[in-house]
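Reader: I would like a close look at one part of this protein, with its surroundings explained step by step. Please keep the language plain.

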Amino acid sequence: MLNAYDWRADRLVRLDTAMDHGPACWIDLVSPTAEEAAALEILTGIDLPSRDEMDDVEPSARLYAEDGGVFMIGSVATDLETHDPNKTPVTFILKGGRLVTVSYGQPRSFQAFIAHATHKPGERLASGEAVMMGLIEAVIDRYADALETKGLELDAISRMIFRKRNPKAVESHNLQALIQDIGRAGDFLALIRESLASLQRLLAYHAAVSGARAGSKADREARQTVRLLQRDAAALSELSVSMSSKVTFLMDATLGLINLEQNQIIKIFSVAAVALLPPTLIASIYGMNFDIMPELHWQYGYPAAVGAMILSAALPYFVFRKKRWL
């Protein structure tokens, strides 16, 4: 059973069909105004952190207990399906069995959790702590799906670079596009890794705070859930590190291909310059305006000079081809 109060719509939202209309165990505050925050503080007796406080990077400012409530601020990645993913701070506040979340952006994982809770009325989520664990699990599940999708994209890039069938498949303009794709993948993985690290710290702090409670069955189950989430987050973090190494490798390989292509172009110009040097020398010699040049009055002088220039250009070309420099 899950009761949640959606502050944005100013109405009670029932996420299942249970008959018990008790007080809401989850209040979700999204991009609140000053008036909304003040009203909720009066309603719950909770001093909500400001946006600047939520953006603070110090662990002591993001994980603390105050006035009987536990405040935990984590970073959640959003817009993972776009080319411009972002992160938003989300505050989880547990007090008196109730969960209050404050965010300045609606993560899609929260919507997935609400949809899941709506279509699974048999699952009891009557406490704020259970709701928080469900939300974090939804976030981690979404990260797992996003990493799987990104892994497939990196595999496609790898096949294009190393197992191409069409020589024109990785021309210079395609390589530049690949660099952009690989760079976006690196930023994406860094964002996921940072968010996972934030959630791991949040779960560790919650486990330390809740460890002081009595060892009831519900508490043992909650601690087990926290351990499972910590393990999943650690596994995804290791996966993101591995994928980051692949991103670095693909970036180096792409830059290497660009250098090879540029070297090939420079080699062609160098060979052309060497091949044209002897004909240029012959033409320069017979272009001098000296009076005593016997070949100037020779009947076959012109075709002989042209033939010599062609021959002097062809010989270096065949030598380079024989040595496989071309």
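Author: Among contacts in the protein chain between residues at least 6 apart in sequence, 64% join residues at least 24 apart. The model is a predicted one. The chain contains 8 helices and 7 strands, and of its 326 residues 37% count as buried. The part to look at is strand S7, together with what pairs with S7 and what lies around its partners.

Strand S7 covers residues 98-103, and 5 of its 6 residues are buried, so the strand is mostly covered. Two strands pair with S7. One is S6, residues 86-95, which runs antiparallel to S7 and is joined to it over 6 bridges. In this pairing Thr91 stands opposite Val102. The hairpin of S6 and S7 has 2 residues between the strands, and Gly96 there takes a positive phi near 60 degrees.

The other partner is S3, residues 26-30, which runs parallel to S7 and is joined to it by 5 bridges. Here Val30 stands opposite Ser103. Past S3 comes the loop that leads to helix H1 (34-44), and Ser31 lies in this loop. Phi of Ser31 is near 45 degrees, a positive value, and Ser31 is not a glycine. Most residues other than glycine have a negative phi. Ser31 is partly exposed, with a relative accessible area of 40%.

A similar note applies to another loop. Asp67 sits between strand S4 (63-66) and strand S5 (69-78). Its phi is positive, about 50 degrees, although Asp67 is not a glycine. With a relative accessible area of 60%, Asp67 is exposed.

Back at the antiparallel partner, strand S6 also takes part in a side-chain link. Lys87 forms a salt bridge with Glu194, and the closest N and O atoms are 2.2 Å apart. This pair links distant parts of the chain, since Lys87 is in S6 and Glu194 is in helix H6 (residues 172-210), 107 residues apart. Both ends are partly exposed: Lys87 has 35% relative accessibility, and Glu194 has 37%.

The loop between S5 and S6 holds one end of another salt bridge, the residue Glu81. Its partner is Arg108, with the closest N and O atoms 3.3 Å apart. Arg108 lies in helix H4 (residues 108-119), so the pair ties together parts that are 27 residues apart in sequence. Arg108 counts as partly exposed at 46% relative accessibility, and Glu81 counts as partly exposed at 46% as well.

Helix H6, which holds Glu194, also has a salt bridge within itself. Asp181 and Arg184 both lie in H6, 3 residues apart, about one turn of the helix. Their side chains meet at 2.4 Å, N to O. An α-helix has 3.6 residues a turn, so residues three or four places apart point the same way. Asp181 is partly exposed at 32% relative accessibility, and Arg184 is partly exposed at 32% too. Elsewhere, salt bridges that share partners join Glu81, Arg108 and Arg142 into one network. The structure holds 7 salt bridges, the Lys87 and Glu194 pair being one of them.

To return to the starting point, S7 is mostly covered, with S3 parallel to it and S6 antiparallel to it.

Terms used. Residues numbered from 1 in each chain as written. Predicted model: local features only at pLDDT ≥ 70, side-chain atom pairs only at ≥ 80, totals over all residues. Heavy atoms only, no water. Buried < 20%, exposed > 50% of the residue type's maximum accessible area, 1.4 Å probe, protein only. Helix = DSSP H or I, 4+ residues; strand = E, 2+ residues; numbered from the N terminus. Pairing = 2+ DSSP bridges. Contact = heavy atoms within 4.5 Å. Salt bridge = Lys/Arg side-chain N within 4 Å of Asp/Glu carboxyl O.
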